[in-house]
Amino acid sequence: MYFVKVYVTYKDSVLDPQGEAVKKAVHHLGYHSIEEIRIGKYFEIQVSAGEEAVEETIEAICDQLLANVNMETYRYEIMQMEEA
């Protein structure tokens, strides 16, 4: 069994209006040293060990469903879980 953390964020070239709104709010609170805030999505996925490689499975899911690859980028961490 594998535990996968997937992080999806806008590409640097894409405007992040939510991140800009949060940055303005943070500045309003007096934290003017904050230069940029980017908002993203986070997914936790458990994958059973199977015939298909975990990396291939996660790549396919990210490309087809979790991320809009035209506007977003993603990265993931795969950890093997100890089975009881």
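A residue counts as buried under 20% relative accessible area, as exposed over 50%, and as partly exposed in between. Keep those cut-offs handy, and remember as you click around that this is a predicted model.

**Stop 1: Tyr7 and what surrounds it**

Select Tyr7. With a relative accessible area of 23%, Tyr7 falls between the two cut-offs, so it is partly exposed. Now add Tyr42 to your selection, which is also partly exposed, at 39% relative accessibility.

How many aromatic pairs are there? The count comes to two. Tyr7 and Tyr42 make one of them: the ring centres are 5.2 Å apart and the planes sit at 40 degrees, so this pair is tilted. Colour the strands and you'll see Tyr7 in β1 (residues 2-10) and Tyr42 in β2, so the pair ties together parts that are 35 residues apart in sequence.

Before you leave Tyr7, show Arg75 as well. Arg75 lies over the face of the Tyr7 ring, 4.1 Å from the ring centre.

**Stop 2: the strands**

Zoom out a little and follow β1. On the β2 side, the two strands run antiparallel and eight bridges join them. For a place to start, click Tyr2: its bridge partner in β2 is Val47.

Now look from β1 to β3. This pairing is antiparallel too, with nine bridges. Here you can pick Phe3, whose bridge partner in β3 is Met79.

One thing to keep in mind while you trace a strand: in a regular strand the side chains alternate between the two faces of the sheet.

**Stop 3: Tyr74 and Tyr76**

Stay with β3 and select Tyr74, which has its place in that strand. Is Tyr74 buried or exposed? Buried, because its relative accessibility is 18%, and the cut-off for buried is under 20%. Tyr76 is partly exposed, with a relative accessible area of 24%.

Show both rings. Going back to the aromatic pairs, of which there are two, Tyr7 and Tyr42 gave us a tilted one. Tyr7, remember, is partly exposed at 23%. The rings of Tyr74 and Tyr76 have their centres 6.5 Å apart and their planes at 20 degrees, so this pair is stacked.

While Tyr74 is still selected, add Cys62. These two are twelve residues apart along the chain, and their C-alpha atoms are separated by 7.5 Å.

**Stop 4: salt bridges**

Next, a hunt for charged partners. Side chains of opposite charge can pair when their charged atoms come close. The whole structure has four salt bridges, and we'll visit some of them.

Start with Lys41 and Glu72, where the closest N and O atoms are 3.4 Å apart. This pair links distant parts of the chain, with Lys41 in strand β2 and Glu72 in strand β3, 31 residues apart. Check the surface around each partner: Lys41 is partly exposed at 36%, whereas Glu72 counts as buried at 11%.

Then go to helix α1 and select Lys23 with Glu20. Their salt bridge has its closest N and O atoms 3.5 Å apart. Both residues sit in α1, three residues apart, which is about one turn of the helix. Lys23 is buried, with a relative accessible area of 17%, while Glu20 is partly exposed at 31%.

One more: Arg38 and Glu36, whose side chains meet at 3.7 Å, N to O. Arg38 is partly exposed at 29% relative accessibility, and Glu36 is exposed at 52%.

**Stop 5: out in the loops**

Turn on the surface and go to the loop between α1 (17-28) and β2 (40-47), where you'll find Tyr31. Tyr31 counts as exposed because its relative accessibility is 52%. Which residues join Tyr31 in a nonpolar patch on the surface? Leu29 and Ile34 do, and together the three have about 320 Å² of accessible area.

For the last selection, move to the loop between α2 (54-66) and β3 (72-80) and pick Asn70. Asn70 is exposed, with a relative accessible area of 66%. Add Val14 and draw a distance between the C-alpha atoms: the two residues are 56 apart in sequence and 9.6 Å apart in space.

Notes. Residues numbered from 1 in each chain as written. Predicted model: local features only at pLDDT ≥ 70, side-chain atom pairs only at ≥ 80, totals over all residues. Heavy atoms only, no water. Patch = residues over 30% accessible without salt bridge, like charges linked within 9 Å, V, L, I, M, F, W, Y side chains within 5 Å. Areas by Shrake-Rupley, 256 points an atom, 1.4 Å probe, with all protein chains shown as cover. Helix = DSSP H or I, 4+ residues; strand = E, 2+ residues; numbered from the N terminus. Buried < 20%, exposed > 50% of the residue type's maximum accessible area, 1.4 Å probe, protein only. Phe/Tyr/Trp six-rings, centres within 6.5 Å; stacked < 30°, edge-to-face > 60°. Lys NZ or Arg CZ within 6 Å of the ring centre and 35° of its normal. Pairing = 2+ DSSP bridges.
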